[in-house]
Amino acid sequence: MIEFAPATLLVQLAVGGLAFTWLTTRRREAGLGYGWLMRGVFGSLAAGGAWLGFASDPQPVRDWAAVGAAAAAAAALAMSVARRRAGVSGQRGRVERRRAEIAEMTGIDRSEQHFDRSRSEFPPVLDLIAPAVGMVGVVAGGLDAGDPAALAVARTVIGALFLGAVTDAMLLGHWYLVQPGLARGPLLELVRWTGALWLPEVVVMLWPTGMGSVLSGTIDDGYNGLLGWFWVACAVTTAGLIVGARAALRERFYSAVMAATGLLYLGILTGFGTDLVARVLLDTT
């Protein structure tokens, strides 16, 4: 029996989200505000997972690791705010080039945003600390979920990465409304990772005892097999949405980014269905 624990789910989502936040911030293209948003959101989820665990389902290693992840995310956020005057090198260069082009064409020097090159930038490597600490809690949550331990840990770790990737991709897609000049590379990278993680996510959910037992009727879902087929629909639809988002990003127009973001928004719903429906059904075994 592999139990489903809501506290572990929150820690999973926090760790996955923070890991893929680093994947984007390391490129030094997205503005500082994106990092602030992500560290605040996923750091809060880590803190919420720790609180829920301590309050209702204590697992000391998982819960304290979540506290450590939340603290590391908060420290990285504070460091980024403290070094905000330096900006981000990729964004800084783009803003300065655009200002120079406008000044050359119009004779007007628009002071949209000024950066201080003498100051040190926020080092993105700091964004790795929180997910590294939190991953200890994810593994501990998997071990605590029951037997077989290897399958429980695999489902927990892969689920954390899969849910983190699709969530970060959707949030980054919305960030293009704030930073419309941002290149598509960061979003394409997250979409590729989401697609790469889809297969192992489905495989570990099918691995016996898995969703195959629900589909065959060996495990009763309580709805005459309806929830099992709902899981299949979620998994297949998630794959289709990832392919659609990748195809949309091949288009040259800016509206393609918004189309991809809409598809990723739906992908979060079906992606969570792929993970949560399976874990809740398999918890009944």
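This is a tour of a predicted model, going from the whole chain to its helix pairs, its cores and a few loop residues.

**The whole chain**

Start with the full chain in cartoon view. There are 10 helices and zero strands, so coloring by element from the N terminus gives α-α-α-α-α-α-α-α-α-α. Of the 285 residues, 49% count as buried. Among contacts in the chain with a separation of 6 or more, 78% are between residues 24 or more positions apart.

**Stop 1: helix 1 and helix 2**

Select residues 6–25 for helix 1 and 32–56 for helix 2. Their axes are 8 Å apart, and the packing angle is about 160 degrees. An angle over 145 degrees counts as roughly antiparallel, and helix 1 and helix 2 are therefore roughly antiparallel to each other. The crossing of helix 1 past helix 2 is left-handed.

Now show side chains at the contact. On helix 1, pick residues including Pro6, Leu10, Leu13, Gly17, Leu18 and Thr21. On helix 2, the residues that meet helix 1 include Tyr34, Met38, Arg39, Phe42, Leu45 and Leu52, with Gly35, Gly43, Gly48, Gly49 and Gly53 also among them. By class, this contact of helix 1 with helix 2 has 13 nonpolar, nine polar and one charged residues.

Before leaving, select Arg28, in the loop between helix 1 and helix 2. Its phi is near 55 degrees, a positive value in a residue other than glycine. Is Arg28 buried, partly exposed or exposed? Arg28 is partly exposed, with a relative accessible area of 29%.

**Stop 2: helix 6 and helix 10**

Move to helix 6, residues 149–175, and helix 10, residues 255–283. The two axes come within 8 Å and cross at roughly 160 degrees. That makes helix 6 roughly antiparallel to helix 10, and the crossing is left-handed.

On the helix 6 side, the contact includes Arg155, Phe162, Leu163, Val166, Met170 and His174. On the helix 10 side, look for Val257, Met258, Leu264, Tyr265, Ile268, Phe272 and Asp275, among others. The contact of helix 6 with helix 10 has 12 nonpolar, seven polar and two charged residues.

Step back along the chain to the start of this region. Pro148 lies in the loop between helix 5 (129–145) and helix 6. The peptide bond that joins Asp147 and Pro148 is cis, with omega about -5 degrees.

**Stop 3: helix 7 against helix 10**

Keep helix 10 on display and add helix 7, residues 185–206. Here the axes are 12 Å apart and the angle is about 20 degrees. Angles under 35 degrees count as roughly parallel, and helix 7 and helix 10 are therefore roughly parallel to each other. Their crossing is left-handed.

Which residues of helix 7 meet helix 10? They are Leu187, Val191, Glu201, Val202 and Met205. Their partners in helix 10 are Val257, Leu264, Thr274, Asp275, Ala278, Arg279 and Leu282. By class, the contact of helix 7 with helix 10 has eight nonpolar, one polar and three charged residues.

Follow helix 7 into the loop between helix 7 and helix 8 (211–216), where Thr209 lies. The peptide bond from Pro208 to Thr209 is cis, with omega near -10 degrees.

**Stop 4: the cores**

Select Leu172, Leu187, Leu249 and Leu264. Of the 36 residues in the largest nonpolar core, these four touch the most other members. Helices 1, 2, 3, 6, 7, 9 and 10 each supply at least two residues of this core. Helix 6 gives the most, with eight residues.

Center on Leu187 and show its neighbors. Leaving out residues up to four places away in sequence, Leu187 touches Ala169, Leu172, Gly173, Tyr176, Leu249, Val257 and Leu264. Apart from the largest core lies another, of 11 residues, among them Val202, Met205, Val277 and Leu281.

**Last stop: Asn224**

Finish at Asn224, in the loop between helix 8 and helix 9. Asn224 has a positive phi of about 55 degrees although it is not a glycine. Is Asn224 buried or exposed? At 83% relative accessibility, Asn224 counts as exposed.

Notes: Residues are numbered from 1 along each chain as its sequence is written. This is a predicted model: local features need pLDDT of at least 70, side-chain atom pairs count only at pLDDT 80 or more; totals for chains, interfaces and linings use all residues. Side-chain values use heavy atoms; hydrogens and water are left out. Axes are lines fitted to C-alpha atoms, for helices over the stretch in contact, and angles run from 0 to 180 degrees between N-to-C directions. Helices (H or I, at least four residues) and strands (E, at least two) are DSSP runs, numbered from the N terminus. Angles under 35 degrees count as roughly parallel, over 145 as roughly antiparallel, 65 to 115 as roughly perpendicular and the rest as oblique. A crossing is left-handed if the near helix is turned anticlockwise from the far one by less than a right angle, and right-handed if clockwise. Contact means heavy atoms within 4.5 Å. Ala, Val, Leu, Ile, Met, Phe, Trp, Tyr, Cys and Pro count as nonpolar, Asp, Glu, Lys and Arg as charged, and the others, Gly among them, as polar. A nonpolar core is a set of buried Ala, Val, Leu, Ile, Met, Phe, Trp, Tyr and Cys residues joined through side-chain atoms within 4.5 Å. Buried means under 20% relative accessible area, exposed over 50%, partly exposed in between (1.4 Å probe, protein chains only).
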